[in-house]
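Hi,

I hope your week is going well. Here is the structure I promised to pass on, and my notes come right after it.

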Amino acid sequence: MQWKLLSPKKIVLPNGKEVLEKRSFMPVVWLILLVFIFLSIRITGFSLDVLVNRIEQFFVILQQMMPPNWAYLSKLWQPLFDTIKMSLFGSVAGAICALPMAVLAATNITKNKGIAMVSKFILSLLRTLPTLIIALIATFIFGLGTMAGTVAIFLFTIAYVGKLLYEQIENVNMEAYEAMQSMGLTTIQAFRYAILPQILPNYLSTSLFCFEGNVRYASILGYVGAGGIGLLLNESLGWRSYANVGMILLMLVCTVFLIETTSEYCRKKLM
Amino acid sequence: MNAIEKQLRLQPNRRMSYIMTIFIVGLLFIWSVTTVHFDHVSANGTKIAKNIFVGLLNPEWSLIVNMTTAGIPYLLIETMAIAFLGTIVGAVLAIPLAFLSASNIVPKPVAFVVRLLLIIIRTIPAIVYGLMFIRVTGPGPFAGVLTMSLTSIGMLSKLYVDVIEDLDKSILESMEAIGCTLMEKIRYGIWPQLTALFSSIVIYRFDMNLRDATVLGLVGAGGIGAPLIFAMNAYKWSEVGSILWGLVMLILVVEYVSNRVRTKLVKG
Amino acid sequence: MIEFKEVEKRYPNGLLALNQINLQIEQGEFVAIIGLSGAGKSTLLRCINKMHDITGGSLRVNDVNVHQLKGKSIRNLRRNIGMIFQSFNLVTRVTVLKNVLVSFVPNMPVWRKILGIFTEEEKRKALMALDQVGILDKAYVRVDQLSGGQQQRVALARTLAQNPQIILADEPVASLDPVTAKQVMEDFKRINRELNMTIMINIHHVDLALTYATRVIGVRSGEIVFDGRASEINEETLSFIYNNTNQERGVTDYAMEAAITEKNSIA
């Protein structure tokens, strides 16, 4: 029955020619989606009723955030700079370490299949773990404070930049590299002069993009005690001083907007 | 001066800008080094690191095979359900917002305002939304779904806009010549161009949401995050180990499947 | 029958694109319109299905006054007039068949329109159209995997599926290579002969125009300066149509020579 449904249907044209019509999978896909949506609604207890009736509660906190508590601003600079520092250090160090990792993981440079496999696996494993969870584990090892957040961002950056980078390295034009090797350059020298110029703009742009995202992530890492402005966010939320929360969010939005605009400008210049 | 010398002099002088860039980045880097400190790392730290490692290697199997609502399989399914429903709701709501922020469809000022709104939505951390939604729904996965929807809107509409801004509009001219109405033009000229790319973006976002859904547990918005954090705070490292293994496996499988589906969608 | 009577088209910016056009085209003719870029060829074509509206005179298509049509009646007129474009204008992300099926959309009931469900009869008609242009085997291939010539054939099949009485083609071969261009022109010729459809074609390649069309219309700055059989065209008329009194002489001379050699070789 199933197979009959999926097998192509024959259409005969008036002039006698036959065409096999491919069955569309769309109805099946829609059915599966609907079943999943239904199950998810059951599991999560989603209820439109509650949403419509109580949505004004969402704006209660939002209203309490307005106007933000400007007096709180003076206390925010240090944690804000901590957050930026954490993401900056983590991103730069991570991007630098991602380069050798990516080279090891790229099958066209690393001839040893085993090493490439292991490097790829480590990269995807690192990417799997949510940053906040890594930060949490890091607070147990490095103690509370910015160090834990930096480590979490560092690891995430390696994984993110590393993955995109090795995909690029695997797609570069290998002819120049082979030519240079035939001229007697070592692997590292040939990589430096044949591959690096091809991937450099993309590498820098990816790293910048990652840095943008990291600022956002870094802002919540304090929630688990990993330093930065998240610490104050957690505190203010705990004390329900929502005017302070409003101030923190306002600061964050401005900072992220500034960093995003600058980095977008730099990325455009790179390309 | 011969021709070769002349050519040598002509080499573009970009050394200055390189040095400046490296100098600035270096300066910022040094400024940020203060975040690195090892003074909190005590002997305790290395001991804990060892415990974590041991715990990861000896996961607690009873949790993995536990089929009740406290077991890992159910928690993973709940996390998936939160991410799935959140992505779907976000994906639908992001469509009008994306059209409203596409500068080739609406007037520039409207597009700018909507974009600003989207940046604000994107920047507010998920945890804050989580707390706000818990007021609406009470603690539990429902709050998680709403949080995921809102954060997805921010990212999805940004990605949708790129697709909308390079739509191929020449098809509309030929549909006009066939005698199609506006609705028919949208349904058969615009819609088919959008669906494949939009679905690819949505699947990518589901991938990300699955990761993000694990942290919602921090504020009591459901999913596997809460048991994970409880286990950590109680130093039950083998429990942590089994949860992390389950999580890693789930995310790897979902990532593999979603990559396959997306390649098929984009390349046909 | 298409009938222009003293048709005038003036763009809002004051440019007079068509001036005093008088023209009568019978059912089943194969007309090529030649002229410099910007001479008004495209405007002439687009007035016929009211993609552009005329500003003076009268234009009748099968005894319907095009100028007076509005809304639904314009769409009904367009149902009977096929149009082909230089850039193919297909949805490249879906299959060939789905592109052809679009031509049935305006006649479908609303619920099927929304769901995108086509009847077997419609599919059969669409496949027949594909067979007529010789790409039946590509029916379930995505358009972006086809060559330019094949894509133009999909566009042609989409128009055929409409079963129009008139086909308007705006530079249909301008972005194709010479060999493919000839094949597409052959398709037009065959359709013209077998189905007795009127074909009006804007074309830059004078040689192709003279080879395939039965009637040639020369347009120069919005006026018809030549109207006659392809065989009546000679160097003098061509140079008059192409207005080559100045620096453009060289180019046109070359095009003309090529055209005449081509004509001779075919004859």
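Below is what I found, starting with chain A as a whole and ending with one residue in chain B.

Please keep in mind that this is a predicted model.

Chain A first. Its secondary structure amounts to 12 helices and two strands. Reading from the N terminus, the order of elements is α-β-β-α-α-α-α-α-α-α-α-α-α-α, with both strands following the first helix.

On overall dimensions, the radius of gyration of chain A is 26 Å, whereas a compact globule of 271 residues would come out near 18 Å. The C-alpha trace of chain A covers about 80 × 65 × 35 Å along its principal axes.

As for packing, 49% of the 271 residues in chain A are buried. If you take the contacts in chain A with a separation of 6 or more, 70% of them join residues 24 or more positions apart.

The surface may interest you too: chain A exposes about 14100 Å² of accessible area, and carbon and sulfur atoms contribute 69% of that. Among the side chains of chain A, 21 are positive and 13 are negative, and the centres of these two sets are 5 Å apart.

Now to chain B, where I looked at a single residue. Ser149(B) sits in helix α8, which covers residues 141-165 of that chain. Is Ser149(B) buried or exposed? Its relative accessible area is 4%, and buried means under 20%, so Ser149(B) counts as buried. Leaving aside residues up to four places away in sequence, Ser149(B) is in contact with Gly86(B), Val89(B) and Gly90(B).

Best wishes

Note on methods
Residues numbered from 1 in each chain as written. Chains lettered and ligands numbered in written order. Heavy atoms only, no water. Helix = DSSP H or I, 4+ residues; strand = E, 2+ residues; numbered from the N terminus. Rg over C-alpha atoms; globule rule 2.2 N^0.38 Å. Buried < 20%, exposed > 50% of the residue type's maximum accessible area, 1.4 Å probe, protein only. Contact = heavy atoms within 4.5 Å. Areas by Shrake-Rupley, 256 points an atom, 1.4 Å probe, with all protein chains shown as cover. Lys, Arg positive; Asp, Glu negative; His and termini not counted. Charge placed at Lys NZ, Arg CZ, Asp CG, Glu CD.
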